[in-house]
Amino acid sequence: MGLLGKLKRLLPEQVRREYAIRFRLLRASLAGEARRAERRADVLLISYPKVGRTWLTMLLARAMASHARLGEVDYLANDILGGRVGDLPHIRISHDDNPHWKTVRQLARSKQRYRHKKVVLLVRDPRDTVVSMYFERTKRERAYAGTLHEFLHEPRGSLDTILEYYDIWARERARLEHFLLVRYEDLKADTAGQVRRILRFAGAEHVSDAHIAEAVQFGSFENMRAMEAGDALESGRLRARDKQDVESFKTRKGKVGGYVDYMSPAEIEWMEGKIRSTLDPCYGYGESLAGCATARAPAPDLSPRLGEAH
């Protein structure tokens, strides 16, 4: 065994896993084909991880595949339907800056590369996102051994990173010619309506309501959980790490406001203070669940500047 191998064996397993994941993501981001595919795409779907991107990808892929009368489809491909099909646009999933492995200072500040693209930015309440990120890191990636309380204060990929990533996009959106903001909470409340809104923005307004309705049924939490439990798609992106542990599923809870089940009142108060003082109000996440009387904060004003800028 070489010196490098011996040194690696001295590292804790979680650290070894972390660096293996980060190296894989870096290599993928630098791949020429990925960059070329991004340039070819008509629309880019961008998000921080753990905000419902896999769900939305399946919804869009199913609706578009039904419209195009396609049979076998990879519903989790980075290029939805593999690229442009017939009269449908090429929608590509972009991992953007891989922000979940970065500190606030390491995040890319400019989104200039997207200025001529149609961009759909999917966001989720940072309180739910950080909890979901914790379980991804501990149960699926197995690259973190600390508690949720400890993870909340981690400088890399936790609450501070999420808030800064959202704030960067709030500042940079004006650079983009076409920009659509989609909130996970609105997607949950009116799935068909939000899918229709995204398809209209993408240039696929001719996909029928019937195909969208069927896609919503296909992408229901219950069906996705069943597909994951049975490894129906034969993909690590939708495969439980431990079928006996619900927290290891990709389809873990699918719940709005579920963070309250995992955090103490003091932790929630601390998070809400950070959000109020740090996060751009355009996202509509400034209120506590108690302050909303168990309802969500009102959806942000999706005026052309924030929503469908053309």
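Q: Buried means under 20% relative accessible area, exposed over 50%, and partly exposed in between (1.4 Å probe, protein chains only); how many of the residues of strand β3 are buried?
A: First, a word on the source: this is a predicted model, where local features need pLDDT (the predictor's confidence in each residue, from 0 to 100) of at least 70, side-chain atom pairs count only at pLDDT 80 or more, and totals for chains, interfaces and linings use all residues. Residues are numbered from 1 along each chain as its sequence is written, while side-chain values use heavy atoms and leave out hydrogens and water. Helices (H or I, at least four residues) and strands (E, at least two) are DSSP runs, numbered from the N terminus. Strand β3 spans residues 118-123 and is mostly covered, its buried residues numbering 5 of 6.

Q: Which residue of β4 stands opposite V120?
A: Two strands pair if DSSP finds at least two bridges between them. Strand β1 (residues 43-47) pairs with β3 in the parallel sense over 5 bridges, with V43 partnering K118. Strand β4 (residues 178-183) also runs parallel to β3, joined by 6 bridges. There, the residue opposite V120 is L180.

Q: Within what arc do the buried residues of helix α12 fall?
A: Helix α12 (residues 265-278) reaches 20 Å from its first C-alpha to its last, close to the 20 Å expected (1.5 Å times one less than its number of residues). Its buried residues are E267, I268, M271, E272 and I275. Seen down the helix axis, they line one face, because the directions from the axis to their C-beta atoms fall within an arc of 130 degrees.

Q: Which exposed residues sit on the face of α10 turned away from its buried side?
A: In helix α10 (residues 209-218), I212, A215 and F218 are buried. These line one face of the helix, because they fall within an arc of 115 degrees. The face turned away carries the exposed residues D209, A210 and Q217.

Q: Is G86 buried or exposed?
A: You can find G86 in the loop between α4 (53-67) and β2 (91-94). Its C-alpha lies 9.9 Å from that of H67, 19 residues apart along the chain. At 76% relative accessibility, G86 counts as exposed.

Q: Which helix has the highest mean confidence in the protein chain?
A: The chain has a mean pLDDT of 83, with 74% of its residues at 70 or more. Over residues 290-310 the pLDDT is below 50, though this stretch has 47 contacts (heavy atoms within 4.5 Å) in the model beyond near neighbours in sequence. Confidence is lowest in helix α1 (residues 3-10), at a mean of 56, whereas the highest, at 98, belongs to helix α9.
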